[in-house]
Structures are given as C-alpha cells and as structure tokens.
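Colleague: Could we go through the model together? I would like to start with charged side chains and then move on.

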Amino acid sequence: MKRQMWIDTDTASDDAVALIIALRHPDIEVRGISVVAGNVPLEMGVQNALYTAELCASTVPIYVGAAQPLVRTLRHGAICARSRRHGRHWLATIWQGADTGRRH
C-alpha cells in the first residue's frame, strides 16, 4: 500500500527537489500540493510547483494558498541571506514564459 501525502510548500529550490522525490517514489502517492508564499513570492512558488509536477509527468492537483503569513510579516528569499545561495530568480529562469494551463 502506498503512503498517501499532501505537500504544503513554498516551492523554493529545495522544496522542488523534495517534490521530485515524492512524485517519483514508487511507494508514495501525492494526493495534492498546496503552495504558499515563503522564500519565494506566491506566484513564483505556484509556477515552480506546476513546472516540477510537469517534469515528473504528474497530474497531481496544485492549489494556490496564502500569499502572506497570518501572524507575522512576510519575508521572501529575495531579502533573506539564503537567496544568495539559490539565485535571484530561483527556478524562474527554467520555467519563465511557460504556461502549463493548470490551475485549481
């Protein structure tokens, strides 16, 4: 029996790798992905999730979540020290201009 998972993510580069592992693992069934703002802005996180799912030939539903935290101030990776490690556009240079047509 496969382990069922729901993944809630901001889909920065490290999360994209985790998504690939989960989506391609034979013993895991990803039931859905929700994307929230975090290290990257919400729209970029959604595009990263769509692109990653497409790379894995997955039709898992992807849902747009909160654009900002409920309790504290949002700090995107662009103003965090870690952004220097991942680059200014994260995965954007890969998917820029691509429209998968998938939205929930």
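**Charges, loops and core**

Modeller: At 33% relative accessibility, glutamate 29 counts as partly exposed, a class that lies between buried (under 20% relative accessible area) and exposed (over 50%), with a 1.4 Å probe and protein chains only.

Colleague: And what sort of model is this?

Modeller: It is a predicted model in which local features need pLDDT of at least 70 and side-chain atom pairs pLDDT 80 or more, while totals for chains, interfaces and linings use all residues. Residues are numbered from 1 along each chain as its sequence is written, and side-chain values use heavy atoms, without hydrogens or water.

Colleague: Back to glutamate 29, then. Which residue forms a salt bridge with glutamate 29?

Modeller: Arginine 31 does, and the closest N and O atoms of the two residues are 3.9 Å apart. The rule asks for a side-chain nitrogen of Lys or Arg within 4 Å of a carboxyl oxygen of Asp or Glu.

Colleague: What about the surroundings of arginine 31?

Modeller: Arginine 31 counts as partly exposed because its relative accessibility is 44%. Glutamate 29, at 33%, is partly exposed as well.

Colleague: How many salt bridges does a search of the whole structure find?

Modeller: The search finds one salt bridge, and the residues that form it are arginine 31 and glutamate 29.

Colleague: Let us turn to the backbone. Which residue that is not a glycine has a positive phi of about 50°?

Modeller: That is threonine 11. Threonine 11 is found in the loop between strand S1 (3-9) and helix H1; helices (H or I, at least four residues) and strands (E, at least two) are DSSP runs numbered from the N terminus.

Colleague: Is threonine 11 buried or exposed?

Modeller: Threonine 11 counts as buried, because its relative accessibility is 0%.

Colleague: And which residue has a positive phi of about 55°?

Modeller: Alanine 57 has that value, and alanine 57 is not a glycine either. Alanine 57 sits in the loop between helix H2 and strand S3. With a relative accessible area of 69%, alanine 57 is exposed, whereas threonine 11 is buried.

Colleague: Moving on to the interior: how many residues does the largest nonpolar core have?

Modeller: The largest nonpolar core has 17 residues, and those with the most contacts inside it are Ile7, Leu23, Val30, Ile33, Val35, Val60 and Ile62. Such a core is a set of buried Ala, Val, Leu, Ile, Met, Phe, Trp, Tyr and Cys residues joined through side-chain atoms within 4.5 Å.

Colleague: Which elements give two or more residues to this core?

Modeller: Helix H1 (13-24), strand S2 (28-35) and helix H2 (42-55) do. The largest share, five residues, comes from H2.

Colleague: So where do H1 and H2 meet?

Modeller: On the H1 side the residues are Ala16, Leu19, Ile20 and Leu23, and on the H2 side they are Ala49, Thr52 and Ala53. Contact here means heavy atoms within 4.5 Å. Leu23 of H1 is also one of the residues with the most contacts inside the core.

Colleague: One last item. Where is proline 69?

Modeller: Proline 69 lies in the loop between strand S3 (62-64) and helix H3 (83-86). Its relative accessibility is 26%, so proline 69 counts as partly exposed.

Colleague: What separates the C-alpha atoms of proline 69 and glycine 38?

Modeller: A distance of 8.3 Å separates them, while along the chain proline 69 and glycine 38 are 31 residues apart.
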